[in-house]
Amino acid sequence: MTRRAPSALLGIPPFLLGVSLAASSELAAGLLLYTGEGMIRALSVILSILLASLGIGIWSGMQEEGPVVPLLRKRWLFVFLAYVLAAVYAAGWGFLGEGEARGLSQGLGLAVLGALPVYAGGSLLAVMSREARNRTGRGAAPFALAALGGGAGSLLVGLFAGSRIIPPSFLLLCLVLLSGGSFVEALGLARLGPPPVEEGDPL
């Protein structure tokens with residue numbers, strides 16, 4: 001088998017990560033805006049925090065040193081934990097009345113449902129980019145594939161908007177997609193063999 005097939009497999013995980021990040025971010029914004037006041041102001045706050053979380057996550061992933069494969073495992077685990085926490089919080093959100101979903105609960109919801117998954121995903125994307133650069137000399141591919149996945153994830157949420165599918169179920173679907181992405185990445189890296197020796201900066 002040529003190296004092209006396992007290399008193609010490694011394009012799937014960032015795409016699935018992008019699907020999950022977009023879906024969870026849109027669900028977080030929907031839940032918080034539905035129970036909030038001043039939609040434009042609230043949307044501005046949500047988007048600024050999500051984008052900042054993504055940037056900080058990418059920066060954090062770029063700073064880590066050491067072999068890429070163990071870093072990938074650690075970052076995948078972080079993403080899984082972030083989505084488990086988000087699913088648990090989304091399930092508990094249903095027990096709050098609209099009048100009670102204010103202040104602290106909204107801030108915690110933004111942190112757990114939005115910022116934490118996006119931060120974790122950004123840090124994983126940075127390590128994916130580092131692995132891609134070591135393997136092919138080009139580190140931008142995971143970001144491009146994640147953006148394409150983000151479009152698909154946003155469309156997926158939109159298609160099911162208004163249905164009886166509740167946010168915890170959607171977040172569990174994200175966990176299934178992420179588990180599949182992690183498995184595919186492990187399979188692709190195993191078929192490619194040991195990673196090349198790194199040179200220079202992480203990215």
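A pocket here is an open set of grid points where a 1.4 Å probe fits, with protein on both sides within 12 Å along at least five of seven lines. Keep that in mind for the second largest pocket, which holds about 310 Å³ of space. This is a predicted model, and besides that pocket it's worth a look at its two salt bridges and at a nonpolar surface patch of about 270 Å².

**The second largest pocket**

- Start with the lining: 15 residues line this pocket, and the closest to its centre are Leu21, Ala22, Ser25, Leu54 and Val118.
- Helix H2 (12-34), H3, H5 and helix H6 (141-159) are the elements that each give two or more residues to the lining.
- H3 chips in the largest share, with five residues.
- As for chemistry, the lining has twelve nonpolar residues, three polar ones and no charged ones.

**Salt bridges around Glu64**

- Glu64 pairs up with Lys74, and their closest N and O atoms are 2.6 Å apart.
- Lys74 lies in helix H4 (residues 68-93) and Glu64 in the loop between H3 and H4, so this bridge ties together parts that are ten residues apart in sequence.
- Glu64 also bridges to Arg75, with the closest N and O atoms 2.7 Å apart.
- That second pair again runs from the loop between H3 and H4 to helix H4, this time linking residues eleven apart.
- Put together, the shared partners join Glu64, Lys74 and Arg75 into one network.
- How covered up are these side chains? Glu64 counts as buried because its relative accessibility is 15%, under the 20% cut-off.
- Arg75, at 7% relative accessibility, is buried too, whereas Lys74 is partly exposed at 45%.

**The nonpolar patch**

- Leu43, Leu47 and Leu51 make up the patch.
- Leu47 sits in helix H3 (residues 39-63).
- With a relative accessible area of 44%, Leu47 is partly exposed; that is over the 30% a residue needs to join a patch, so Leu47 can be part of this one.

**A long-range contact**

- What lies 74 residues from Leu32 in sequence but 6.5 Å away in space, C-alpha to C-alpha? That would be Gln106.
- Gln106 belongs to helix H5 (residues 104-136).
- Gln106 counts as buried because its relative accessibility is 19%, and the cut-off is under 20%.

Note on methods:
Residues are numbered from 1 along each chain as its sequence is written. This is a predicted model: local features need pLDDT of at least 70, side-chain atom pairs count only at pLDDT 80 or more; totals for chains, interfaces and linings use all residues. Side-chain values use heavy atoms; hydrogens and water are left out. Patches are made of residues with over 30% relative accessible area and no salt bridge: like charges are joined within 9 Å, nonpolar side chains (Val, Leu, Ile, Met, Phe, Trp, Tyr) within 5 Å. Accessible areas come from the Shrake-Rupley method with a 1.4 Å probe; for residues, only the protein chains shown count as cover. A salt bridge is a side-chain nitrogen of Lys or Arg within 4 Å of a carboxyl oxygen of Asp or Glu. Helices (H or I, at least four residues) and strands (E, at least two) are DSSP runs, numbered from the N terminus. Buried means under 20% relative accessible area, exposed over 50%, partly exposed in between (1.4 Å probe, protein chains only). On a 1 Å grid over the protein atoms alone, a cavity is a set of points where a 1.4 Å probe fits but cannot get out, and a pocket is an open set with protein on both sides within 12 Å along at least five of seven lines; lining residues have an atom within 4 Å of a point. Grid points are joined across faces, edges and corners, and a volume is the space filled by probe spheres set on the points. Ala, Val, Leu, Ile, Met, Phe, Trp, Tyr, Cys and Pro count as nonpolar, Asp, Glu, Lys and Arg as charged, and the others, Gly among them, as polar.
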